[in-house]
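Q: I'm new to this structure and would like a close look at one part of it. Could you pick the helix packing and walk me through it, with enough of the surroundings to keep me oriented?

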Amino acid sequence: MGFLVIDQLTMTYGQVTALDDVSLTVKEGEFITLLGPSGSGKTTLLMSIAGFNRPTAGEIVFDGRQITGLEPEDRDFGLVFQGYALFPHLSVADNVAFPLRVRKWDKARIRARVAEMLDLVGLAHLAGRKPRQLSGGQQQRVALARALAFGPRVLLLDEPLSALDRMLRETMQQELRRLHRETGVTFLYVTHDQQEALTLSDRIAVFNKGRIVECDTAQRLFRAPKTRFVAEFLGENNFVTGTRQGGRWTGLGTGFVLPPDRDLPEDRSAATLWLRPGDIALGPAGAGEIGFQAVVEDVIFAGTSSGLHLRLPTGEPLVASVAAEISAAEITGKTLAFHARPGAVGVIPEGA
Amino acid sequence: MSRRFRTRLLTALVWACLLFLVLPVLVVIPVSLTDKTYLSLPSDGLSLQHYRGLAAPETGWSAAMGKSLLLAVCAALISTALAASFAIGAWVRAGWWPSTIRVLMLAPMIVPPIIYAVGMVRVLSAMKLIDSFPGVLAVHVVLGLPMALLAVVASLSNFDNRVVMAARSLGAGPFTIFGKVILPNILPGLSAAAFLAFITSWDEITVTLFITARRFATLPRRIYTSIADSIDPALAAIATLLLLATTAVLAARLFLAGRPDDPAAR
């Protein structure tokens, strides 16, 4: 039995299916990210867990207790919004004290807890300020302190960093990891930013069109995606069609062999092959490597690396990321030899 | 024409416009101090006799003022309470029906008062409430409702309803949310609503004229009657008092609640 179990949850609004038979088991203390493009159902699931959406079918079980029909105020889950949603008329300390006053804690205990929470997020010196006198990052820290103050066992976060600029977002990511580590609370985190998901999570559930496409650790989803959607959504990727005959593949190059753990099942012979831009190198193939020829159509400088836009003899486009020292004028329009390790190539069966 | 001359001309024009707005209002002050028994500027000396007349119970002015005050306060409270409960409910649960009902509630502002008055005469006489406090109160509540509603809706529209979701997720029930979260944030809107509803009732004359007679005469009604049968300088005295009261309220608001730019003041 899992800690938080989402069992075959379906949610329809009129004609629109926001969640389509979604099941997910969350372990206690886990940092799990719901990742997907906008409108893929990730926020709908989070709000169903928070209690603001009534699912059409399926159930949510928390710690062995059925909570599907429970009001949000009775669930005891922390919730953090993209727009912070602080109480504008209350000071920072009173915002954090709010859930404790609702629970009728005694005054001394509230004061101690508020001080402890503000210390945790490093805002003790701003306790008397009003929310609108704080920066975005500070407001989000207050929101975190408030949502964690009453000791929830689950913290739900709805794109909490997307209103912040990039530098601040990175600082806050570290802050979130630290809070997760120090409090031991289970984090359910919604984002559309794949980099954020890779950085933060123990596990990622990738959403598309109201379904969970795949759910696994960041490393496994990145290195061995089982579906084209995940291979495309997480990190940059190239796709070419490949066919297998007598154990040897034709597609990127010809006649290469893939490691058995990455290869297709015996009974299939066609698949989509993927290869990340960083795994393509310039120059002829060595022993056991995959070699192919491609025309360099464009070179795009991107700081530490350059993106080469290539075209294979089959007409398929490909992007390679190589060291930036390369001279664009010298290679643009030329046909060059490239190579890649067989271990870097992934296989996605037709239709997945 | 030199630039300086043009600026001066413009300044003079602006002052002339302002004086045109204010002077006719200010003229009631000398008139209220006249020593004659008809509306005129004081010629032989100043007198406070008309102010004394206002206070004298037999003239009925203070009674009318008291009735109007009570009526306006009650109407303002009821209108604001109704408008606030509707607006908050509609804000929490958006949908097609709140917008439909809102149009209905704004109707008293759109329907010409004279038409409404004719309708209310029939309704109130059927209910035997004509020329009575409850009857007039009901009408004034309805007339004040659109004003109050607009003020409350405006203050709610600036309030992020995710704040309410946050409060619920923190364990707050409906009553706590209303009292501790929504109310403190729309208080300025509520006081504006009550103020507008109060003013609406305080100087309502069109409908009041139809549904009152001698028993429940409000101040505007009493003024109207008094102008119709005599030209009593007591009118000027009343106008002066109202002017002073309004100026005092505005000044107080300017000094106490003012400085909206100062973040610490809010």
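A: Here is a walk through the helix packing, starting in chain B, with the surroundings filled in along the way.

One thing to keep in mind from the start: this is a predicted model.

Let's begin with the layout of chain B. Chain B is divided into two domains, with domain 1 covering 28-59 + 220-251 and domain 2 covering 67-217. Their C-alpha centres sit 32 Å apart. Where the two domains meet, domain 1 of chain B puts in four residues and domain 2 of chain B puts in seven residues. Sorted by class, the domain 1 side of that contact has two nonpolar and two charged residues, and no polar ones.

Now for the part you asked about. A good helix to follow is α7(B), which runs over residues 133-157. Two helices that pack against α7(B) are α5(B) and α4(B).

Take α5(B) to start with, which is residues 96-110 of chain B. Its axis and that of α7(B) come within 8 Å, and they cross at roughly 115 degrees. Angles of 65 to 115 count as roughly perpendicular, and α5(B) and α7(B) are therefore roughly perpendicular to each other. As for the sense of the crossing, it's left-handed. Which residues do the touching? On the α5(B) side you'll find B:Met105, B:Leu106, B:Pro108 and B:Met109, and facing them on α7(B) are B:Val142, B:Leu143, B:Leu145, B:Pro146 and B:Leu149. By class that's nine nonpolar residues, with no polar and no charged ones in the contact.

Next comes α4(B), residues 61-92 of chain B. This helix packs on α7(B) at an angle of about 45 degrees, with the two axes 7 Å apart. That angle makes α4(B) oblique to α7(B). The crossing here is right-handed, whereas the one between α5(B) and α7(B) is left-handed. By class, the contact of α4(B) with α7(B) has 21 nonpolar and four polar residues, and no charged ones.

So what does chain B use to reach chain A? Two helices that each supply at least two residues to that side are α8, residues 162-169, and α9, residues 174-202. The biggest giver is α8(B), with six residues. Altogether, 16 residues of chain B are in contact with 21 residues of chain A. The chain B side of this contact has eight nonpolar, five polar and three charged residues.

That brings us across to chain A, which has nine helices and 20 strands. Along its principal axes, the C-alpha trace of chain A spans about 75 × 45 × 35 Å. Chain A has 352 residues, and 37% of them are buried. If you look at its contacts with a separation of 6 or more, 65% are between residues 24 or more positions apart. Chain A is also split in two, into domain 1 (4-230) and domain 2 (236-349). The C-alpha centres of these two domains lie 39 Å apart.

There's a helix pair to look at here as well. Helix α2(A), residues 92-102, packs with helix α4(A), residues 136-149, at an angle of about 25 degrees and with the axes 7 Å apart. That makes α2(A) roughly parallel to α4(A), and the crossing is right-handed. From α2(A), the residues in the contact are A:Val92, A:Asn95, A:Val96, A:Phe98, A:Pro99 and A:Leu100, and they meet A:Val142, A:Ala145, A:Arg146 and A:Ala149 of α4(A). The contact of α2(A) with α4(A) divides into eight nonpolar residues, one polar and one charged.

To finish, here's a single residue in a strand. A:Leu310 lies in β17 of chain A, which covers residues 305-311. Is A:Leu310 buried or exposed? It's buried, because 23 other C-beta atoms lie within 10 Å, and the cut-off for buried is 20 or more. Leaving out residues up to four places away in sequence, A:Leu310 touches A:Ala294, A:Val295, A:Val296, A:Glu297, A:Leu318 and A:Ala320. One of these, A:Ala320, is 10 residues away along the chain, and its C-alpha atom is 7.4 Å from that of A:Leu310.

How values were computed. Residues numbered from 1 in each chain as written. Chains lettered and ligands numbered in written order. Predicted model: local features only at pLDDT ≥ 70, side-chain atom pairs only at ≥ 80, totals over all residues. Helix = DSSP H or I, 4+ residues; strand = E, 2+ residues; numbered from the N terminus. Buried ≥ 20, exposed ≤ 12 C-beta atoms within 10 Å, placed from the backbone. Axes fitted to C-alpha atoms, helices over the stretch in contact; angles between N-to-C directions. Parallel < 35°, antiparallel > 145°, perpendicular 65-115°, else oblique. Left-handed = near helix turned anticlockwise from the far one by under 90°. Nonpolar A, V, L, I, M, F, W, Y, C, P; charged D, E, K, R; others polar. Domains from an automatic or database assignment.
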